[in-house]
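Hi everyone, thanks for making time. I'd like to walk you through one model and then take your comments.

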Amino acid sequence: MSLHHFFLEGQVLAEEAEPVFPLRLAPDDARHARVLRLAAGEHVAVVDAAQDYFECEVVSFDDALPQVRVARHLDAPGASPQVVLVQGLAKGDKMDMVVRHATELGVAAFVPAACERSVVRLDARKAAARAERWRSVAKSAAMQSGRRDVPEVRDPLPLSEACALLCGATAVLVCWEEAPQTARIADAIARGMDACAVSDPADARIAVVVGPEGGLTPREVEELLACNPRASLVSLGPSILRTETAGIVAPALVLYELGGLGAGRQA
């Protein structure tokens, strides 16, 4: 049975002097722990503020925070491919869905991008609030799925600024419904890895770009292809997928090609 996972923001377990100590969970995580009804004798997995990984035994949970002892220090996971999803801003709860499910798959970072055809228009205040919500969704999904890290979620930014973040990627895969059916994800990844002399998929950092409702415009596609010499158009098949579907399917296919699905999942 997999352990419940918790992430600590300001506590380093190696610095705890007493054998039994409070697990200083964030307020929302403490509420979650109470909902789980953690009881004495149960074990949980903890990633502390130093990114160290422990299995802890609950000694008691009668107050606001559980009292625990370290049961064992767990090995850090091996290196795995880094997949960054640049997702065109979508309306409603579609972004929540993409962040949640792509986090479960293993996406390392999210870059929400305002595109020409994005229905959603966010001012600075709303953008910051949405990003905080998506970070909360990512953290919850990481805890639920047993990940040993929480993906980074950037504040929304214009696509032109997102392009500037992609110059160092091993490959940039631009998902476009007008791409030729022969534009395969595996080929685009292989070209990028060859160009960067990356032989181990664990060393790859692949950016995947998915447009909003209505897709990317030709001008945006040109801008994306120009931002990195290893940028390529890729096809997700003959069907035109909804943005929230493409935002999950595309990184899943990339992780599969890299052999990364399920990597580092054993607790």
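I'll go through helix packing, then cysteines, then a couple of backbone angles.

Quick housekeeping: this is a predicted model, so local features need pLDDT of at least 70 and side-chain atom pairs count only at pLDDT 80 or more, while totals for chains, interfaces and linings use all residues. Residues are numbered from 1 along each chain as its sequence is written, and side-chain values use heavy atoms, with hydrogens and water left out.

Okay, helices. Helices (H or I, at least four residues) and strands (E, at least two) are DSSP runs, numbered from the N terminus. Axes are lines fitted to C-alpha atoms, for helices over the stretch in contact, with angles from 0 to 180 degrees between N-to-C directions.

Take α2, residues 94-105, and α7, residues 243-258: their axes come within 9 Å and cross at roughly 15°. That makes the two helices, α2 and α7, roughly parallel (under 35 degrees; over 145 is roughly antiparallel, 65 to 115 roughly perpendicular, the rest oblique). On the α2 side, the contact (heavy atoms within 4.5 Å) includes Met97, Val98 and Leu105, and on the α7 side Ile248 and Leu255 are among the partners. By class, that contact has seven nonpolar, three polar and two charged residues. Here Ala, Val, Leu, Ile, Met, Phe, Trp, Tyr, Cys and Pro count as nonpolar, Asp, Glu, Lys and Arg as charged, and the others, Gly among them, as polar.

Now α5, residues 185-195, also packs on α7, at about 60° with the axes 10 Å apart. So α5 and α7 are oblique to each other. Ile185, Ala186, Ile189 and Met193 of α5 meet Ala250, Leu253, Val254, Glu257 and Leu258 of α7. The split there is eight nonpolar, no polar and one charged.

Next, how many disulfides do we get? Zero, with a disulfide being a pair of cysteine sulfur atoms within 2.5 Å. For cysteine 175, the closest cysteine sulfur is in cysteine 115, 12 Å away, so too far for a bond. Cysteine 196 has its closest one in cysteine 167, at 11 Å, again too far. Cysteine 175 is buried at 9% relative accessible area, whereas cysteine 196 is partly exposed at 30% (buried is under 20%, exposed over 50%, partly exposed in between, with a 1.4 Å probe and protein chains only).

Last bit: positive phi in non-glycines. Glutamine 51 has phi near 60°; that residue sits in the loop between β3 and β4 and is exposed at 57%. Alanine 197 has phi of about 55°, lies in the loop between α5 and β11, and is exposed at 69%.

That's it from me; over to you.
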